[in-house]
Amino acid sequence: MTAPSTQQAAGEGGANTDTTVAFLGPFNSYSHQATKIAFPEAKWQLEPTTTIKEVFDRVQSQRAPYGVVPFENSTHGTVTFTLDNLADRAGEYADLVVCDEVYLDVHHFLLGRLPPSPTTTTTTTTPPQPTPSEPPQTGTGTPLTTLTHIRRIYSHPQAFGQTSSFVRRWLPAAETVEVSSTSRAAELAAADGSGASAAIASEMAGRAVGLQVLARCVEDREDNMTRFLVLRRRAYKSLVSFTVPHRRPGALADALACFGARRLNLTSISSVPSLVGPFQYLFFVEFEGSRFDDPEGRVSGVFGDLERVAERWRWLGSWRNRRGGR
Ligand SMILES: O=C(O)C(=O)C[C@]1(C(=O)O)C=C[C@@H](O)C=C1
């Protein structure tokens, strides 16, 4: 099949009346940042979800014509939450297709509250030193302050996987709590008034909830990057024309019933005089489905049905529905 590109879709703002794009939120997650690259906010309505599965649900159910999901990270590998949904073991997402990809440089920050006075320090303070058994690794950030007050770190499992050297080295005793996204982690750390919680998230996510930067660029590798996929619903239309026996009662109804029996949704019906005889008609039926992308054989099936009930019929084409399946 030919998948439309996001750039193509983004350029078609006028053709598609629904400009909703679902992504893993809350706002300021890395998914949000990737979504903004492919779908500029001036043109698109970006809607956060609580889980990656919910992005799939919204696109499948047509509540959003597009969704953006993380797929693969250059340091920690595949995003299993996304792969599990793409595996579609329960057959929930039969109509979803991937139509584009987005690359995002990912630089994690340790975000929290500064240590309580008088130990509050500036960047000149000597942070805890690495032990000889764990030499510094390239790309591992150095804390800007002491971290002895941090007892708990919130983050997304992928982000923990991308910052494991930093956490092992500087916060080996801290409890690590996996949450739904890094921006959610920042919210949870900010909600802890004791100052004992920190988050691993983007600088933007920390700033949004008033957290301080305790260490910058804490990813294990400087070239850390995540690839996101853009999802959309498979949406095609086809057009056929046919004539039916003029004098047989129910002939047109029988022809139309073929589409219902194959669960093919009709989107338009027109007719013109066939000029075979006065008041005899040639019918045009447009329906959702494609001759070229027909895994269940519903379109080829209806063609076989028309062969039996129509006098003559003709397939005029199958093409991408520019209104995103709505
Ligand atoms: O937690 C976020 O901010 C996300 O958007 C999820 C996610 C992921 O699942 O890979 C996205 C990019 C980073 O690799 C870390 C986390």
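This report walks through a predicted model, from the surroundings of its ligand to its sheets, a helix pair and two backbone oddities.

**Around the ligand**

Let's start with the shell of 15 residues around the ligand, where Ser29, Tyr30, Ser31, Gln158 and Ser181 come nearest. Sorted by class, that shell holds 6 nonpolar and 9 polar residues, and no charged ones. Both domain 1 (6–104 + 227–233) and domain 2 (109–218) chip in, with at least three residues each. As for secondary structure, at least two shell residues come from each of helix 2 (30–38), strand 3 (66–73), helix 5 (157–162) and helix 7 (182–191).

**The mixed sheet**

Next up is an open sheet of 5 strands, which you can trace in the order 8-7-9-6-10, with mixed pairing. Its edges are strand 8 (175–178) and strand 10 (212–215), each of which pairs on one side only. Ignoring direction, neighbouring strands here are turned by 35 degrees against each other on average.

At the strand 10 end, strand 6 (residues 109–112) runs antiparallel to strand 10, and 3 bridges join the two. If you want a spot to look at, Leu110 has Ala215 in strand 10 as its bridge partner.

**The antiparallel sheet**

Then there's an open sheet of 4 strands in the order 13-14-12-15, and its pairing is antiparallel. Strand 13 (266–273) and strand 15 (312–320) are the edge strands, so to speak the ends of the row, each pairing on one side only. From one strand to the next, the twist averages 15 degrees.

Which strands does strand 14 sit between in the order 13-14-12-15? Strand 13 and strand 12 flank strand 14 in that order. With strand 13, strand 14 (residues 281–288) shares 7 bridges, while 6 bridges tie strand 14 to strand 12 (residues 236–243). Both pairings are antiparallel.

Glu286 in strand 14 is a handy landmark: Ser268 has Glu286 as its bridge partner, and so does Leu239. Elsewhere on strand 14, Leu282 stands opposite Val272.

Here are the bridge partners picked out in the two sheets:

| Residue | Partner | Partner's strand |
|---|---|---|
| Leu110 | Ala215 | strand 10 |
| Ser268 | Glu286 | strand 14 |
| Leu239 | Glu286 | strand 14 |
| Val272 | Leu282 | strand 14 |

**A helix pair**

Two packed helices are described by the angle between their axes and the distance between the axes. For helix 9 (residues 251–261) and helix 10 (residues 298–309), the axes come within 9 Å and cross at roughly 165 degrees. Because angles over 145 degrees count as roughly antiparallel, helix 9 is roughly antiparallel to helix 10. The crossing of helix 9 past helix 10 is right-handed.

**Two backbone oddities**

Most residues other than glycine have a negative phi, and most peptide bonds are trans. Two places here break with that habit. Gly25 and Pro26 are joined by a cis peptide bond, with omega at about -5 degrees. You'll find Pro26 in the loop between strand 1 (20–24) and helix 2, and helix 2 is one of the elements that supply at least two residues of the ligand shell.

The other place is Asp88, a residue other than glycine with a positive phi, near 50 degrees. Asp88 sits in the loop that links helix 4 (80–87) to strand 5 (96–105).

How values were computed:
Residues are numbered from 1 along each chain as its sequence is written. This is a predicted model: local features need pLDDT of at least 70, side-chain atom pairs count only at pLDDT 80 or more; totals for chains, interfaces and linings use all residues. A residue is near a molecule or strand if its C-beta atom, placed from the backbone, lies within 6 Å of it. Ala, Val, Leu, Ile, Met, Phe, Trp, Tyr, Cys and Pro count as nonpolar, Asp, Glu, Lys and Arg as charged, and the others, Gly among them, as polar. Domain bounds come from an automatic or database domain assignment. Two strands pair if DSSP finds at least two bridges between them. Axes are lines fitted to C-alpha atoms, for helices over the stretch in contact, and angles run from 0 to 180 degrees between N-to-C directions. Angles under 35 degrees count as roughly parallel, over 145 as roughly antiparallel, 65 to 115 as roughly perpendicular and the rest as oblique. A crossing is left-handed if the near helix is turned anticlockwise from the far one by less than a right angle, and right-handed if clockwise.
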